[in-house]
Amino acid sequence: MKKAICGNQAQFSLIKCCFFCVAILLPAIAAAQTRGKVQVVAPSLFDTLLARRADLNKSNVSGAVGYTSSYGYRVQIYSGSNRTAAYNAQAKFNRAFPEMRTYIIYREPNFKVRAGDFRSRIEAERMKEQLKTMFAAMFIVSEKINPPKTVIPND
């Protein structure tokens, strides 16, 4: 008979333990499943700063909208240590494409001649294909460019 009482006490202890675990874990699981709302509070100065930045990036010069520097692509047409060859490559390119800008960059000991201000890589690839017969070793470089000015019509 003594064994039967101990078995009932063990079962009762197990039931109390399970009830305790359920009582503790159930609210935690329920709280984890509820979704809350996020409210973003931005100071009023934030909107003012955004508007100010947009104004600084614009410059009206004789009816044309100004431009700001951004990242784009250029075609590098020469790289070497010979200064005369770099200027000759620039002059050769300028004779073929007088409307396009060229840039000479000197990083010791090399001169690099880069041409164009392309917003997309596809435009730079097209120019590279046109220049294939004029220059031997060319490749496209991603760097900060000066995009062309855009004119807004008054229509």
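**Figure 1. Helices and strands of the chain in the predicted model.** The chain holds four helices and seven strands. Read from the N terminus, these elements follow the order α-α-β-β-β-α-β-β-α-β-β. Of the 155 residues in the chain, 23% are buried. Among contacts with a separation of 6 or more, 70% join residues 24 or more positions apart.

**Figure 2. Helix H3, residues 83-96, and its N-terminal cap.** H3 comprises 14 residues and spans 20 Å from its first C-alpha to its last, close to the 20 Å expected at 1.5 Å a residue. At the N-terminal end of H3, Asn82 acts as the cap, with a side-chain oxygen 3.0 Å from the backbone nitrogen of Thr84.

**Figure 3. The buried and exposed residues of H3.** Ala86, Ala89, Gln90 and Phe93 are the buried residues shown in H3. Viewed down the helix axis, the buried residues of H3 fall within an arc of 100°, so they line one face of the helix. An α-helix has 3.6 residues a turn, so residues three or four places apart point the same way. The buried residues of H3 pack against strands E3 (70-80), E4 (102-107) and E5 (110-118), and against helix H4 (121-130). Thr84 and Arg95, both exposed, are carried on the face turned away from the buried side of H3.

**Figure 4. The surroundings of Lys112 in strand E5.** Lys112 is buried but forms no salt bridge. Glu143, the nearest side chain of opposite charge, is 8.4 Å away from Lys112. Leaving aside residues up to four places away in sequence, Lys112 touches Gln76, Tyr78, Ser79, Tyr103, Ile104, Ile105 and Arg107.

Conventions. Residues are numbered from 1 along each chain as its sequence is written. This is a predicted model: local features need pLDDT of at least 70, side-chain atom pairs count only at pLDDT 80 or more; totals for chains, interfaces and linings use all residues. Side-chain values use heavy atoms; hydrogens and water are left out. Helices (H or I, at least four residues) and strands (E, at least two) are DSSP runs, numbered from the N terminus. The expected span of a helix is 1.5 Å times one less than its number of residues. Buried means under 20% relative accessible area, exposed over 50%, partly exposed in between (1.4 Å probe, protein chains only). The arc is that of the directions from the helix axis to the C-beta atoms. Contact means heavy atoms within 4.5 Å. A polar contact is a pair of N or O atoms within 3.5 Å; within protein, one must be able to donate a hydrogen and the other to accept it, and residues adjacent in sequence count only if both atoms are side-chain atoms. Lys and Arg count as positive and Asp and Glu as negative; His and the chain ends are not counted. A salt bridge is a side-chain nitrogen of Lys or Arg within 4 Å of a carboxyl oxygen of Asp or Glu.
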